[in-house]
Amino acid sequence: MTSDTPPSLAEALAATTVVLDGGMSNQLESAGHDLSDELWSARLLAERPEAITEAHLAYFEAGADVAITSSYQATFEGFAKRGIGHEKAAELLSLSVELAREAARRAQAEGVTRPLWVAASVGPYGAMLADGSEYRGRYGLSVDELERFHRPRLEVLAAARPDVLALETVPDSDEATALLRAVRGLGVPAWLSYTVDGDRTRAGQSLEEAFGLAADVDEVIAVGVNCCAPEDVDGAVLTAVRVTGKPVVVYPNSGEAWDAEGRTWAGRSSFAAEQVSGWRGAGARLIGGCCRVGPQAIAGIAGALGR
């Protein structure tokens with residue numbers, strides 16, 4: 001690596017703490033976009049791609065180092081339900097990476113000098129169902145069936161050359177097993193992030209067991225949790241460090257509760273930027289926010305980390 005070559009994300013994690021972005025959907029909704037659709041923010045890949053670039057840019061400007069793409073709910077099966085064929089769906093998946101790259105280029109043209117990375121989001125099978133089952137897991141599918149579901153999308157996203165694949169909001173260790181099989185040989189590193197309830201996955205498995213699946217997988221450069229209550233992060237970080245020895249990724253929700261049936265958020269936020277110093281002290285190296293965490297909160301995280 002020359003002095004002009006930016007470090008890889010894995011290299012950066014060995015040296016410092018990296019700031020992730022916040023929720024894509026809440027940023028798009030705050031800009032006036034209607035996401036009441038089974039494709040969620042992925043619908044805008046086809047209809048309003050510029051809006052996605054602007055959302056990424058807002059997070060880069062707020063202090064995020066990593067943009068997570070709008071492909072969480074983007075699947076061949078989900079697009080097919082809307083009459084979008086396989087070839088066009090693959091183009092939209094690739095576009096999600098390019099839109100984040102474009103936001104990084106704009107941020108750097110506007111004076112951002114730090115390295116910026118792109119993480120291609122790979123949501124769980126339940127996200128495609130759009131019925132809240134990503135918060136339950138246990139879909140009734142085998143590991144082999146889940147691997148066959150995930151592999152084609154992963155291949156397309158990997159070919160778009162993101163810096164990392166974000167295997168995120170995984171509710172179930174069986175699905176994690178399928179995803180870890182599916183990323184082998186793609187030539188792009190990955191992080192694995194569970195959605196949890198207390199000290200267990202949403203499907204009820206122990207986090208020790210769940211994190212242990214990734215301990216010896218070379219492709220995985222970080223493990224952790226996202227789309228969970230901020231209060232669930234501390235214990236998860238300690239367990240992930242102890243079980244895997246890998247850098248830990250954490251990006252919880254605001255603390256409000258999602259009503260899957262009513263498709264709305266309820267309750268109060270319990271997310272505070274001051275919490276991040278404790279997470280970093282415990283071993284977290286990628287820190288950001290998920291649902292209902294916007295650019296202002298990400299700016300607070302960057303500030304709390306001395307950025």
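In this predicted model, a good place to begin is the open sheet of eight strands, whose order is E1-E12-E9-E8-E5-E4-E3-E2 and whose pairing is parallel. Two of these strands stand at the edges, namely strand E1, which covers 18-19, and strand E2, which covers 66-68, and each has a single partner strand, so one side of each is left without a neighbour in the sheet.

Further inside that order, where E9 and E8 are written next to one another, the pairing can be followed residue by residue. Strand E8, made of residues 220-226, runs parallel to strand E9, made of residues 248-251, and four bridges join the two. As one example of how a residue is matched across this pair, Val-225 has Val-250 in E9 as its bridge partner.

Strand E4, which also belongs to the sheet, spans residues 164-170 and includes Thr-169. The backbone of Thr-169 deserves a look, since its phi is positive, at about 55°, although the residue is not a glycine. Is Thr-169 buried or exposed? Its relative accessibility is 2%, and because buried means under 20%, Thr-169 counts as buried.

A second residue with a positive phi that is not glycine is Arg-292, where the angle is near 70°. Arg-292 is found in a loop, the one that lies between strand E12 (284-287) and helix H13 (295-304). With a relative accessible area of 40%, Arg-292 is partly exposed, whereas Thr-169 is buried.

Stepping back from single residues to the whole protein chain, one finds 13 helices and twelve strands. The radius of gyration of the chain is 17 Å, which is close to the 19 Å that the globule rule gives for 307 residues, and the chain is therefore as compact as a globular protein of that length. Its C-alpha trace spans about 45 × 45 × 40 Å along the principal axes.

How much of the protein chain is buried? Buried residues account for 55% of the 307 residues. The contacts tell something about the fold as well, for among those between residues at least 6 apart in sequence, 76% join residues that are at least 24 apart.

Finally, there is the surface and the charge. The accessible surface of the protein chain comes to about 12100 Å², and carbon and sulfur atoms hold 47% of that area. The chain carries 27 positive and 43 negative side chains, and the centres of these two sets lie 1 Å apart.

Terms used
Residues are numbered from 1 along each chain as its sequence is written. This is a predicted model: local features need pLDDT of at least 70, side-chain atom pairs count only at pLDDT 80 or more; totals for chains, interfaces and linings use all residues. Side-chain values use heavy atoms; hydrogens and water are left out. The radius of gyration is taken over C-alpha atoms; the globule rule is 2.2 Å times the number of residues to the power 0.38. Buried means under 20% relative accessible area, exposed over 50%, partly exposed in between (1.4 Å probe, protein chains only). Contact means heavy atoms within 4.5 Å. Accessible areas come from the Shrake-Rupley method with a 1.4 Å probe; for residues, only the protein chains shown count as cover. Lys and Arg count as positive and Asp and Glu as negative; His and the chain ends are not counted. The place of a charge is taken as NZ of Lys, CZ of Arg, CG of Asp or CD of Glu. Two strands pair if DSSP finds at least two bridges between them.
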